[in-house]
Amino acid sequence: MTDDDRPIGRVLTRREVLSILGVGGLTVLAPARGGAQPAGTPACVARPALTEGPYFVDEKLHRSDIRSDPADGTVRPGAPLRLALRVSRLTRGACAPLPGATVDLWHCDALGVYSDVQDPGGATLGKKFLRGYQTTDGDGLARFTTIYPGPYRGRAVHIHFKIRSAAAGGRVHDFTSQLFFDDALSDQVYAQPPYVGRGEPRLRNARDGIYRSVGAQLVLAVTPAAPGYAATFELAVETG
């Protein structure tokens, strides 16, 4: 794989993003100031949008476990990762879960390969591994079972996600960003099969231009969860 997410133009400031998306787009919000949150409701967490990259394919695969290729059932090898995204919205100055939102997840396999793409490094057209979507439940949760993504040239280790939510007048709000991993954890994971022995240096977070813009706010808090790892990521949106 090549540098799939080379930025075009510049990364907007949060104020610029709000001014562009505040009318019709899905807007990420800062924590609400003042007032207690309802019991059991997560605090609003500001998360910046990042480039989608060229490898998003709207496969319309409604599934929680995205490790397999639905064409033949083969499962991509790698350290298991259970990932939950908790999506909230700001309503009347307080956070509330956002049910019914579509959350897409996609990323490369342990060898740095994306499915269903034509790339100078190879073609995987027709394959649909490590892609899928979930609809957030009443608590705003979308849960996925996947693998720890591998590295490839030009990018730090990352996962892509997209949130789509219905709006008035038949519109669809859209928010896209990326999730990153702690370099020390990646070092540990990549010392094991099937990641070990690739012979290609991995780009660390600090050298990734996309990560440097806002990525520290998008690092997953990953914990061991035998036989692999688990993480929960929280964010809040305003759908206008």
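Trainee: Which residues does Tyr148 touch, not counting residues up to four places away in sequence?
Mentor: In this predicted model, the question concerns one of the two residues that have the most contacts inside the largest nonpolar core, the other being Phe161. Once residues up to four places away in sequence are set aside, Tyr148 touches Ala79, Leu81, Val157, Phe181, Asp182, Leu185, Ser186, Val189, Tyr190 and Tyr195.

Trainee: Which element gives the most residues to the largest nonpolar core?
Mentor: The largest nonpolar core has 41 residues, and E2, strand E4 (102-106), strand E8 (141-147), E9, E10, H2, H3 and E12 each supply at least two of them. In soluble globular proteins, nonpolar side chains tend to be buried together. With five residues, the element that gives the most to this core is E12.

Trainee: How many residues does the second, separate core have?
Mentor: Apart from the core around Tyr148 and Phe161, there is a further one that includes Trp106, Cys108, Tyr114 and Val117. The number of residues in this second, separate core is seven.

Trainee: How many of the nine residues of strand E10 are buried?
Mentor: Strand E10 covers residues 172-180 and pairs with strand E9 (residues 158-166) in the antiparallel sense over nine bridges, one of which joins Ala166 to Val172. A residue counts as buried when its relative accessible area is under 20%. Strand E10 is largely enclosed by the rest of the structure, because the number of its residues that are buried is seven.

Trainee: How many residues apart in sequence are the parts that the salt bridge of Lys162 and Glu52 ties together?
Mentor: The closest N and O atoms of Lys162 and Glu52 are 2.6 Å apart, and Lys162 lies in strand E9 whereas Glu52 lies in the loop between strand E1 (27-28) and strand E2 (80-91). Lys162 is buried, at a relative accessible area of 3%, while Glu52 is partly exposed at 29%. The separation in sequence of the parts tied together by this pair is therefore 110 residues.

Trainee: Which residue meets Glu234 in a salt bridge?
Mentor: Glu234 lies in strand E12 (residues 228-238) and its partner in strand E2, so the pair ties together parts that are 148 residues apart in sequence. Glu234 is partly exposed, with 24% relative accessibility, and the partner is likewise partly exposed, with 21%. The N to O distance is 3.1 Å, and the partner is Arg86.

Trainee: Is Arg202, which forms a salt bridge with Asp187, buried or exposed?
Mentor: The closest N and O atoms of Arg202 and Asp187 are 2.2 Å apart, and the pair links the loop between helix H2 (183-189) and helix H3 (209-214) with helix H2 itself, 15 residues apart. Asp187 is partly exposed, at 35% relative accessible area. Arg202 has 17% relative accessibility and so counts as buried.

Trainee: What is the volume of the largest cavity?
Mentor: A search of the whole structure finds one cavity of 30 Å³ or more. The lining includes Phe56, Lys60, Asp104, Trp106 and Tyr133, and both E4 and strand E7 (131-135) supply at least two lining residues. The volume of the largest cavity is about 50 Å³.

Trainee: What value is phi of Lys60 near?
Mentor: Lys60 is found in the loop between E1 and E2 and is exposed, with a relative accessible area of 62%; Lys60 is also linked with Asp58, Asp104 and Arg164 in a network of salt bridges. Most residues other than glycine have a negative phi. Phi of Lys60 is nevertheless positive, near 55°.

Trainee: About what value is omega of the cis peptide bond that joins Ala226 and Pro227?
Mentor: Most peptide bonds are trans. The bond from Pro193 to Pro194 is cis, with omega near 0°, and Pro194 is found in the loop between H2 and H3. Pro227 lies in the loop between strand E11 (223-225) and E12, and for the cis bond that joins Ala226 to Pro227, omega is about 10°.

How values were computed: Residues numbered from 1 in each chain as written. Predicted model: local features only at pLDDT ≥ 70, side-chain atom pairs only at ≥ 80, totals over all residues. Heavy atoms only, no water. Buried < 20%, exposed > 50% of the residue type's maximum accessible area, 1.4 Å probe, protein only. Helix = DSSP H or I, 4+ residues; strand = E, 2+ residues; numbered from the N terminus. Pairing = 2+ DSSP bridges. Salt bridge = Lys/Arg side-chain N within 4 Å of Asp/Glu carboxyl O. Core = buried A, V, L, I, M, F, W, Y, C linked by side-chain atoms within 4.5 Å. Contact = heavy atoms within 4.5 Å. 1 Å grid on protein atoms, 1.4 Å probe; cavity = no way out; pocket = protein on both sides within 12 Å on 5 of 7 lines; lining within 4 Å. Points joined across faces, edges and corners; volume = space filled by probe spheres on them.
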